[in-house]
Amino acid sequence: MTPLELVATAFIVVGTFFGLVATIGIIRLPDLYSRLHAASKSDTLGSVLSLAGLAVVLGLSTESVKLVFLLVFLFVTSPTAAHAIARAAKEQEVEPIGEGSVPWIDDTEEGDG
């Protein structure tokens, strides 16, 4: 196994690990915001690392350039989509589950009425 194949294998294994962490986070976390965090951070990193590993395996070719474009596309669109989903949930007043208050709702407004 060449050093380049070792690097590619390491990228793919670590990317698969982050994909697994994202999947477990989506299944196990309690509310939309937590699941969104797991999906946006870990899944993006896992996808990007896996694609980088595949690009390293392919070497300098048209296919690897396409993978790099896909990598950049995922790196830009995934956080943007997560932000849009979180903003839509906030506008629909979806509350997080758990202790603590909702950061965008001011407690003083409730006592004034």
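## Helix H2, end to end

Take the 27 residues of H2 at 1.5 Å each and you'd expect a span of 39 Å; the C-alpha atoms at its two ends sit 38 Å apart, which agrees. Keep in mind that this is a predicted model. Just past the end of H2, Gly59 adopts a positive phi of about 75°.

The same check works for H1, which covers residues 3–28. Its 26 residues should span 38 Å, and the end C-alpha atoms are 37 Å apart, so expectation and model agree here too.

## The overall picture

What is the chain built from? It has four helices and zero strands, and reading along the sequence gives the pattern α-α-α-α.

Of the 113 residues in the protein chain, 23% count as buried. As for how contacts are spread along the sequence, take those between residues at least 6 apart: 59% of them join residues at least 24 apart.

## H2 against H3

How do H2 and H3 pack? The axes of H2 (residues 32–58) and H3 (residues 62–91) come within 9 Å and cross at roughly 175°. Anything over 145 degrees counts as roughly antiparallel, and H2 and H3 are therefore roughly antiparallel to each other. The residues in this contact split into 18 nonpolar, five polar and two charged.

## The nonpolar core

Which residues form the largest nonpolar core? There are six of them: Val48, Leu51, Ala52, Ala55, Leu67 and Leu71. H2 and H3 each put in at least two residues, with H2 giving the largest share, four residues.

Leu51 is a handy core member to zoom in on. This leucine sits in helix H2 and has 12% relative accessibility, so Leu51 counts as buried, the limit being under 20%. Skip the neighbours up to four places away in sequence, and Leu51 touches Leu67, Leu70, Leu71 and Leu74. Two of those partners, Leu67 and Leu71, are themselves listed in the core. On the H1 side, Leu51 and Gly15 are 36 residues apart in sequence, yet their C-alpha atoms are 8.4 Å apart in space.

## Polar side chains in H2

Is Thr44 buried or exposed? Thr44 belongs to helix H2, and with a relative accessible area of 9% it is buried. Not counting residues up to four places away in sequence, Thr44 touches Ala39, Leu74, Phe75 and Ser78. Thr44 also has a distant partner in sequence to look at: Thr77 is 33 residues away along the chain, with a C-alpha separation of 9.5 Å.

Ser40 is another H2 residue. At 14% relative accessible area, Ser40 is buried as well. Ser40 touches Ser78 and Ala82, again leaving out residues up to four places away in sequence. Put the two lists side by side and Ser78 turns up in both, as a contact of Thr44 and of Ser40.

## Back to H1

Which residues of H1 are buried? They are Ala8, Gly15, Gly19, Ala22 and Gly25. What covers them includes H2. Gly15 is a familiar name by now, being the residue whose C-alpha lies 8.4 Å from that of Leu51.

Methods. Residues numbered from 1 in each chain as written. Predicted model: local features only at pLDDT ≥ 70, side-chain atom pairs only at ≥ 80, totals over all residues. Heavy atoms only, no water. Axes fitted to C-alpha atoms, helices over the stretch in contact; angles between N-to-C directions. Parallel < 35°, antiparallel > 145°, perpendicular 65-115°, else oblique. Nonpolar A, V, L, I, M, F, W, Y, C, P; charged D, E, K, R; others polar. Expected span 1.5 Å × (residues − 1). Buried < 20%, exposed > 50% of the residue type's maximum accessible area, 1.4 Å probe, protein only. Contact = heavy atoms within 4.5 Å. Core = buried A, V, L, I, M, F, W, Y, C linked by side-chain atoms within 4.5 Å.
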